[in-house]
Structure formats: structure tokens, C-alpha cells
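Morning, everyone. I will go through one structure today, and I will keep to what can be read from its atoms.

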Amino acid sequence: MTRAFTRRRFLGTALAGAGAAGGLLLAGCGGVPASAPRPAPVPRPLTIPPLAPSTREGGVRTFTLTAAPGRSAFLAGADTPTWGYDQPFGGPTLRAARGERVRVHVTNRLPETTTTHWHGMVLPAAMDGGPHQPIRPGATWSPEWTIEQPAATLWYHPHPHGHTERHVHRGLAGLFLVDDEDGPATALPHRYGVDDIPVVVTDRVFTATGAFDETRRNAHGLVGDTLLVNGTVAPYLTATTARIRLRLLNASPARCYRFARSDGRPLVLAGTDSGLLAAPRPVPDVLLTPGERAEVLLDLDPGRPVVLRSLPQDLGAVSGTERSIGALDTLDVLQIRPAAVLAPAPPLPGALPHEPGPDPAAATTVRRFALGNDTINGKAMDMTRIDEVVPAGATELWELTNVHSRPHNLHVHDARGQVVAAGGHPVPPELRSWKDTVYVPPRTTTRVLLRFGRHADPGTPYMYHCHLLYHEDQGMMGQFVVAPPGVADVPRVLAGGHHG
Ligand code: C2O
Ligand code: CU
Ligand code: CU
């Protein structure tokens, strides 16, 4: 059945694509739904999301965000209905330092209930913005917490159970940068929008009228043939410094990216999801599945353009699956156009402010999770069921096995950790890095050593889930609560429709 289905899909798409000659952004993407034919886009300057303004209210850095519908002009002559925070699509970049207390007033001007989740943040469960913190139309939700984690590129997006993919796909997503004041972070490029560049990558299919196509889903969810980078189609960046730092976020519902330079030079990896590496490390490419981030450094030559590309990926699945998730595609992500004269870069720092990884000996529990077809450990998400109870501040080993034939990843709220083994091979300590979302290829096991937050609240769950958003919506999600250490008698059933 799978074979026949895949073949029919492929042929159908190939036929549909035949009429779209000349105008497509990429070739050879059979398996991914194609946008309506259109002229090749004219490159545009990369949009840089504005830094969100904040005020100080009694020592609390306070932001406001309003989620609302809008209209965007991604394509020449087309008007695209979108959703955004404080702007028609996407959202401003929030920025705060470790140790700061922050508050965000989030107002919902959408026609339906949403939530706002702080992906990667270690914080009390009632502030997490998962499915148990709904914001009804017209309402304002005002979470407040203290930033207690090192410098990292985090992000925020909706998390209403069953509707996350649609809300994110319409445009709701933004970055949340954590600065760490005591570290010499200045050794890295750090001038936002100048040499420290947000790169939020997502993909869409456009209909003939220029709308986002949210009807043609495949087994992975919504996979698109057109990239939007910070909301810009075919973006270019004019660089003025000999080194730039790109903060890459895969904000796609399902598509994965293998980022690399078009000139064959390595990328220099400086950070992953939830923290910096011990030292910058040259790598040929960086694979990011949905929800993952990486900070990379690029050294540039005056006047010599280079393209940040996404290259074909081996996701460990059969070829029909790889084709339909877009893993065979080569895509231009961002053209970089260095000026004729560049401000010089200092030598690469030999070390970065870095928190040593969790000690494997400190792990008190091993938990096993089987990632299946719309389930975890054979169960679909239930808002009233507590699947796991984790002691506050615990270090645990989570063993994630993809028992399915398709790509899945796993994101854990309120936790930061490091992959210690993948695909049957240990990851040596010097190659580990801080993560909150990890890829688990089909029929393999990934072992991740996780450190959980210290805020106990046995009545309010956090989520763990596949970050392919359609899978999450279909039930590939579970709930855990953080309990005070030593407290075992935590209720495993929440009162129906509990909302924090
Ligand atoms: Cu980025 Cu639970 O999500
Ligand atoms: Cu999250
Ligand atoms: Cu999945």
C-alpha cells in the first residue's frame, strides 16, 4: 500500500509540476506539493525582525506581544493572509539576560484561542505557554519568570493542542535571545542585525492567489517548496564585517535543512539549541530538524558572495519518504553579499562561555520512549493524563527509540540536555552540545541526558513531543509534571479540562 501510494503521489506531483516550467524556485522536488506557477522572485534584502521594546516595571523587564491576523507581501503582486505577533507575519525578537526577571503581556486578537510557548526556556509550568495556558480571543496572558539559563537562541510560538501546526504555519513564531552577562560573549559577533543575524527558516506552498496552501498535507504535515527567511522570499544580506554570526532556527512544520556554504568552506558551529559550545568548531554542514537551532560563524571575503544553502539530507528513511519530506532538495536559503571593504574580524575565540554537560553518573532515572505513528509509548496525547513525574532539578537519561519508518524528533519542555549516544554509537564528550530538541532517525535510538528545571508544580504539566507539528497535533505528545524531590504520590489524572 505504501509503495502504491508513494508512486501515485510522485506521479501526481510530477504532472502538476510540468505546467510550472521556468517559475519554480527549485528543481527536483517531486513529492513536495508545488506552489502555483509564478515568475522567479527578485532577490530582496533580508528582513531583520525588530528587537521587541521593553519597559522596566518594578525591576521586571516587561514586553508586550499581540497576536493578530494581517496581510503580507511575500511575492510580487500577491497579498497573503497571515498571522503574526506585532507584525503581519512572524514576531519581534525578545532579548533578555540571565538573572533578569521578565514578564510578557500576550494579547490574543486572533479569531480563536491560542497559547504562547517559550521554546527552550526553563521556567515554572504555569508560565510555559503549553496547551494548558490558553489565551482566549480578546484576552491577555501575562507570564512572569526569572531567566536562569546560559546564553542561547530560543524561540516562541503557539501550542494549542491539535492546532499548533496551523497557528505556526500562518506565521506565529519569533526568537527569544538569552544573553549571559558574565560571559565574554563579545568574543562572538553580537551586533544584532549587523553581524549577529537572525535566520528564521520556514517553508510554504503558495496558491494561485498568493495564499499559504494549508490543505495539501502529506504524512509529515505541511511541506513547502518555497522558503521564507524572516518572512523574506529569495533574501540577500549585505555584510559589512569579515565575520558574521547566523542564528539559525528551523521554524518549519516538517521540513529539515542541512545548512552549508556554497563555496565548500566549513561553517563554524558556536552554539546549538540551548547553549554555546566549549569552543567554536568547524563543521561541513549543520542538520536542523523542526524546532532545532544553531549558531554558526561565517568568515567572508570582501566583495565575494557566498550562499547559505540547504543540501540534500540522509534522514535514514526510505527514498519515497525522504522525497516527500523534501530531504532530496537543494535550496538557496540566504545569499550573502559582502561589501568591498569589510570591518576586520578578531581571531576566532579559542573558548566560549560554556556550561559543562550533565554528569552521566548524576542520572537518577532511565526513561524509555517509543516514538510511533502518532503515539509515544503506544499512547496518543491526553490532556488529562500525566505520563511521567520528574523530581525537580533531576538529571535523567531519556532513551528515545523511533519504532516507525518515518523521521521524528523529540522536544522536551523545561529541560536542557546533551545527546550521549545516537544510532548505537556513543557521542564523545567533546562533540556533545546543549539541546532541547533531538532528531531520532527511523528504527534507531537516541539517548539524551537531560537536566530538568527546579520549579515543582505537580498540578501543571509540561510537554514532550515530536516537533513535526502535524505529528504533535495528531497526538505524538506526552505530559510530565515536575514534583518536589521525594514526593511520589502525584495524581496521574488531571481534572477534566484543567487549565492553569
Ligand atoms: Cu517548540 Cu512544545 O514546542
Ligand atoms: Cu518547547
Ligand atoms: Cu514525528
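Let me start with two residues: both histidine 117 and histidine 411 are buried. Keep in mind throughout that this is a predicted model.

Those two histidines are the protein donors of the copper ion, ligand 2. Each binds through NE2, and they lie 1.9 Å from the copper. Where do the two donors sit in the chain? Histidine 117 lies in strand S7, and histidine 411 lies in strand S26, residues 408-412. The pair therefore ties together parts that are 294 residues apart in sequence.

Now the sheet around the first of those strands. S7 belongs to an open sheet of 4 strands, in the order S5-S11-S10-S7, with mixed pairing. Strand S5, residues 94-97, and strand S7, residues 117-119, are at the edges. Each has a single partner strand, so one side of each is left without a neighbour in the sheet. On average, neighbouring strands here are turned by 25° against each other, ignoring direction. Within the sheet, S10, residues 152-157, pairs with S11, residues 174-179, in the antiparallel sense, over 5 bridges. One pairing to look at is tyrosine 156, whose bridge partner in S11 is glycine 174. As a reminder, strands of a sheet pair through backbone hydrogen bonds, either parallel or antiparallel.

Next, the second copper site. Which residues coordinate the copper ion that is ligand 3? They are His408 through ND1, Cys466 through SG and His471 through ND1, at 2.0 to 2.1 Å. Along the sequence, these donors are spaced H-x57-C-x4-H. Histidine 408 lies in strand S26, while cysteine 466 lies in the loop between S31 and helix H4, residues 469-474. That pair therefore ties together parts that are 58 residues apart in sequence. So S26 carries histidine 408, and S26 also carries histidine 411 from the other site.

Buried or exposed, for histidine 408? It is buried, because its relative accessible area is 1%, and buried means under 20%. Cysteine 466 is buried as well, with a relative accessible area of 0%.

S26 has a partner to mention. It runs antiparallel to S29, and 4 bridges join the two. Histidine 408, the copper ligand, stands opposite valine 440 in S29. In S29 itself, Thr437 and Tyr439 point one way, Val438 and Val440 point the other way, and all of them are buried.

Then strand S32, residues 477-483. How many of its residues are buried? The count is 7 of 7, so to speak a mostly covered strand. Met477, Gln479, Val481 and Ala483 point one way, and Gly478, Phe480 and Val482 point the other way. S32 pairs with strand S24, residues 388-391, in the parallel sense over 4 bridges, and valine 389 stands opposite valine 481. S32 also pairs with strand S31, residues 462-465, in the antiparallel sense, again over 4 bridges. There, methionine 463 has glutamine 479 as its bridge partner.

Last, the empty space. Rolling a probe the size of a water molecule over the atoms shows where empty space is left.

The structure holds 5 cavities of 30 Å³ or more, and the largest has a volume of about 190 Å³. It is lined by 18 residues, and the closest to its centre are Phe89, Gly90, Ala173, Val200 and Asn230. The elements giving two or more residues to this lining are S11 and strand S12, residues 196-204. S12 gives the most, with 3 residues. By type, the lining divides into 8 nonpolar, 9 polar and 1 charged.

The largest pocket holds about 810 Å³ of space. It is lined by 27 residues, and Leu287, Glu292, Leu431, Ser433 and Lys435 lie nearest its centre. Among the elements that give two or more residues to the lining are strands S19, residues 286-288, S20, residues 293-299, and S29, residues 437-440. S29 is also the strand joined to S26. The lining of this pocket divides into 13 nonpolar, 8 polar and 6 charged residues.

That is what I have; questions are welcome.

Methods. Residues numbered from 1 in each chain as written. Chains lettered and ligands numbered in written order. Predicted model: local features only at pLDDT ≥ 70, side-chain atom pairs only at ≥ 80, totals over all residues. Heavy atoms only, no water. Pairing = 2+ DSSP bridges. Axes fitted to C-alpha atoms, helices over the stretch in contact; angles between N-to-C directions. Donors = N, O, S within 2.8 Å, 3.2 Å for Na, K, Ca; no water. Buried < 20%, exposed > 50% of the residue type's maximum accessible area, 1.4 Å probe, protein only. 1 Å grid on protein atoms, 1.4 Å probe; cavity = no way out; pocket = protein on both sides within 12 Å on 5 of 7 lines; lining within 4 Å. Points joined across faces, edges and corners; volume = space filled by probe spheres on them. Nonpolar A, V, L, I, M, F, W, Y, C, P; charged D, E, K, R; others polar.
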